[in-house]
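Thanks for making the time this morning. I would like to walk through the secondary structure elements and how they are arranged, so please keep the sequence and the model open while I talk.

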Amino acid sequence: MATKDQVLCRHCSTPVPEGAPEAGFCCRGCSYVYKLIHDEGLDQFYDLKGGAAVDPVREKAFAANDWTWLEQRVAEAEAAAVEEGVARIETGVEGVSCVGCLWLMERLFTRHEGGLGCETHPGAGWLRLTWRAGHCDLAEFARTLQQFGYTMLPKARASSGTSEASDLRLRLGLCAAFAMNAMAFTLPRYLGMDPEFFLASLFEQIAALSATLALLVGGSYFIKRAAAGLRHGLLHMDFPIALGVVLAWLGSVVGWLAGHEALLYFDFVAIFLTLMLGGRLLQVAALERHRQRAQGVEAVPREIALAGGGARELDDVEPGDVVSIEPGGVLPTGGLLRGVAASVSLEWINGEAEPRAWEPGRRLPGGAVNVGRRPMEVEVEEAWEGSLLKRLAEVGGRTTEHRPLLQKVLGWYVAAVLTLAALGGAGWLIAGAGWVTALQVTVSVLVVSCPCAIGLALPLADDLARSVLQGRGIFLRKADFFSRLAGVRTVVFDKTGTLTMERPELVNPEVLDTLDAVARDRLRELVGASLHPVSRRLLESLAGPPAEASIAVEEVPGQGLRLRDSDGVEWTLGQPSFGAAEGEALPEADTVLRRDGGVVAGFSFRDALRPESRGAMDWLRRHRFGLAVLSGDRQEKVDVVAEKLGLAPDEAHARMTPEAKRDWLVQRDPPAESTLFLGDGANDSLACAAAACSGTPLVDRAILEEKADFFFTGHSLGFLPAVFQTAEVRRVAIRRSFFFAITYNTAAISLCLAGLMHPLVAAVIMPLGSVIAVSRVALAFRRALAGRLPGEERPVAGVRPKEVAA
């Protein structure tokens with residue numbers, strides 16, 4: 001099997017695709033920002049970012065933006081400034097994903113004249129700025145930020161309230177304090193403190209109180225989750241944790257009240273809960289960071305502008321209302337286009353990538369995206385409640401953890417521990433020992449069998465697996481993803497935006513080098529604010545500082561863009577016939593730039609597969625995975641993609657509705673429970689929910705990012721083998737931990753049954769066993785963390801290997 005080295009982008013650290021426009025960079029946007037950072041002396045950004053993968057810049061640094069909203073907000077803030085002329089504002093921000101981003105934004109603002117303070121919250125997506133009123137041009141700062149790949153927005157994304165990670169941090173801090181108290185006031189007894197010492201009773205009371213508080217604060221978290229799982233017929237790791245800690249506490253209370261030191265495990269209860277909360281926080285915090293990173297522009301806005309002014313909550317929009325959809329906005333419900341023609345994209349609905357010209361009076365379906373330069377007015381014909389887009393938007397992924405093997409193992413484990421504890425106590429009682437000894441044996445078995453080692457090893461394995469994938473631009477959002485991935489036997493793809501790039505590929509980029517300075521400036525002005533995929537591709541290929549938003553650009557839906565400059569020269573960009581003289585022989589190009597009707601340049605485009613798509617397909621096929629493409633696009637276009645990927649005709653399906661994609665997954669053999677589905681649009685939502693696992697690319701606006709199990713950045717599909725290879729490394733690590741746990745528990749329980757276990761011994765072997773367990777996990781991931789997964793050759797400095805077709 002042949003392999004080759006894969007270079008990571010010098011800016012965003014995602015894989016550089018073959019044929020990239022500039023060596024060492026995945027796109028021209030990253031190249032532009034990288035050079036800008038070095039020219040401005042801000043190289044420390046890369047030291048702080050480390051190897052973390054951030055979003056590729058693409059054309060974001062070059063696009064034209066209208067900052068009128070920001071200027072209005074600034075005027076309002078400065079008018080309200082009363083504290084020594086200091087004004088403040090809070091806006092949304094996109095593109096922030098690491099500590100380097102925070103440092104870079106703060107440094108840029110403090111350099112800006114009048115800037116006083118910059119505070120950013122990547123998770124919540126807000127930016128707070130403080131400046132000297134009347135002495136700071138925030139619109140200019142917004143343009144500066146854009147050049148570095150960050151976009152200021154009118155609003156931060158909605159907050160989901162207190163996060164689970166925040167709750168766990170509070171519980172962990174309190175339990176750690178209780179554990180230190182319990183240990184401090186138990187240690188004198190272990191060191192031989194006389195029971196008659198006048199403070200001995202007080203020390204025991206403090207230790208008992210500390211353990212009780214730890215149980216109330218930390219134990220309640222696991223108890224509630226275990227109870228909820230049992231109500232749904234699920235047995236997960238929280239159950240043995242909750243059972244063990246409750247029984248250990250009860251046994252300790254009995255021992256304390258009866259005055260038998262051999263039954264006192266208060267310190268164990270507090271320490272055990274602290275360790276378990278730490279492991280759980282490690283897992284939850286990573287998942288929340290990944291989920292927050294996927295929350296960008298709202299796929300479907302919660303309120304919609306009315307054509308006559310004002311706005312209305314989406315649920316309150318009624319048939320007959322005339323709504324205004326801004327450029328880039330989504331029409332949430334079907335309706336009639338009013339006013340003038342518009343350019344719309346139906347990719348979300350049927351998978352067709354090419355925008356269409358829509359004439360007034362025609363019905364627009366819900367989910368249509370306005371890719372024109374001006375707002376479009378639509379008379380709503382259906383309420384949001386009954387719309388197809390609402391049904392698609394509300395379909396979520398799995399909400400409960402799916403770990404059947406773990407449930408079986410935990411069931412056997414709990415039953416075995418309870419049986420051994422009961423038989424051990426009964427055996428000593430029958431042998432003539434007193435009830436104290438029998439109870440001590442029973443409690444000690446329950447205490448030492450608490451799954452401390454596994455409770456730490458499992459979250460660590462998950463966290464290391466997520467770290468490995470994150471280094472390759474893959475971000476997991478669901479805790480049980482790997483458990484479900486283990487059953488996957490078929491990988492199914494949407495076509496448009498998933499197998500193919502979001503924008504067409506410019507076949508002849510060298511034509512741009514033949515343009516003079518004026519032509520390049522006019523071309524940048526024409527495409528700067530256009531959302532058409534062809535315009536976006538040309539804008540990225542041009543590179544350069546952000547274009548200014550120009551009201552002089554006129555859009556002719558279905559034809560192209562027109563601009564008359566200050567010298568009276570008319571520039572057009574669009575169809576070969578757009579702006580041509582009657583009877584003129586048209587150039588053989590997809591898009592033509594003209595000056596006063598004369599051809600300046602012709603550009604050719606083609607739908608491009610994501611880099612390494614064929615290599616990923618070949619790897620999956622060699623490893624006996626079934627493959628399929630489900631697309632809403634035309635059959636002939638699907639057939640072209642299937643041929644390039646080496647798929648058989650019966651593996652490529654076209655003209656599929658959202659319901660048809662879901663039904664294909666549900667009715668096939670093997671069923672959807674063994675399928676990984678990759679898609680990117682609203683028409684993929686039903687299939688995403690039906691599949692065992694799902695993934696989506698991180699794009700400008702996607703409805704699946706908050707539903708899929710994972711999302712990926714970058715351009716390439718070469719990450720797919722890494723997902724399955726990382727899952728195998730995790731499986732080996734967990735298997736090693738389980739084998740160690742079995743050995744540890746066998747030895748510890750044997751000591752308990754022999755009556756040799758003491759609270760001090762338990763307090764020592766529990767953390768020792770945990771250290772050994774997590775060390776075995778770390779060793780299993782040693783090669784993966786160094787950039788080498790199973791089947792990959794040793795990497796060289798600055799590159800990461802990838803597997804390709806033999």
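Let me begin with what pairing means here: two strands are taken to pair if DSSP finds at least two bridges between them. I should also say at the outset that this is a predicted model, and everything that follows should be heard with that in mind.

With that definition in hand, there is an open sheet of four strands, in the order E3-E4-E2-E5, and its pairing is antiparallel. The edges are taken by strand E3, residues 115–121, and strand E5, residues 151–153, each of which has a single partner strand, so one side of each is left without a neighbour in the sheet. From one strand to the next, the twist averages 35°. Inside this sheet, strand E2, residues 86–94, and strand E4, residues 126–132, run antiparallel and are joined by seven bridges, and if you look for Glu90, you will find that its bridge partner in E4 is Arg128.

Two helices go with this sheet. Helix H3, residues 68–79, packs on it and touches E2, E4 and E5, with a direction that makes about 150° with that of E2. Helix H4, residues 99–111, lies across E2, E3 and E4, and runs at about 160° to E3.

Moving along the chain, we come to helix H7, residues 200–231. Why does the distance between the ends of H7 agree with its number of residues? At 1.5 Å a residue, its 32 residues should span 46 Å, and the end C-alpha atoms are 43 Å apart, which agrees. That said, H7 has a kink of about 50°, centred on Gly219, and just after the helix Gly233 takes a positive phi of about 75°.

A second open sheet has six strands, in the order E7-E6-E8-E14-E9-E12, again with antiparallel pairing. Strand E7, 311–313, and strand E12, 363–364, are the edge strands, each pairing on one side only. At the E12 edge, strand E9, residues 335–338, pairs with E12 in the antiparallel sense over two bridges, and the bridge partner of Gly335 in E12 is Leu364.

Next come the hairpins. Strand E18, residues 554–556, and strand E19, residues 560–564, pair antiparallel over three bridges, with Val556 bridged to Gly560 of E19. Their hairpin has three residues between the strands, and Gly558 in the turn has a positive phi of about 85°. E19 is also joined by five bridges to strand E20, residues 570–574, the two running antiparallel, and here Leu563 has Trp571 of E20 as its bridge partner. The hairpin of E19 and E20 has five residues between the strands, and within it Gly568 takes a positive phi near 85°.

One further hairpin is made by E21 and E22, with two residues between them, and this time it is Asp596 in the turn that has a positive phi, of about 50°. Strand E21, residues 591–595, and strand E22, residues 598–603, pair in the antiparallel sense over five bridges, and Arg594 has Val599 of E22 as its bridge partner.

Finally, a helix pair: at what angle do helix H19, residues 613–622, and helix H23, residues 720–753, pack? The angle is about 40°, with the axes 8 Å apart, and that makes H19 oblique to H23. The contact is made by Ala616, Trp619 and Leu620 of H19, together with Leu720, Pro721, Phe724 and Gln725 of H23. By class, the residues of this contact divide into six nonpolar, one polar and no charged.

Definitions and conventions
Residues are numbered from 1 along each chain as its sequence is written. This is a predicted model: local features need pLDDT of at least 70, side-chain atom pairs count only at pLDDT 80 or more; totals for chains, interfaces and linings use all residues. Side-chain values use heavy atoms; hydrogens and water are left out. The expected span of a helix is 1.5 Å times one less than its number of residues. The bend at a residue is the angle between axes fitted to the seven residues ending there and the seven starting there. Axes are lines fitted to C-alpha atoms, for helices over the stretch in contact, and angles run from 0 to 180 degrees between N-to-C directions. Angles under 35 degrees count as roughly parallel, over 145 as roughly antiparallel, 65 to 115 as roughly perpendicular and the rest as oblique. Contact means heavy atoms within 4.5 Å. Ala, Val, Leu, Ile, Met, Phe, Trp, Tyr, Cys and Pro count as nonpolar, Asp, Glu, Lys and Arg as charged, and the others, Gly among them, as polar.
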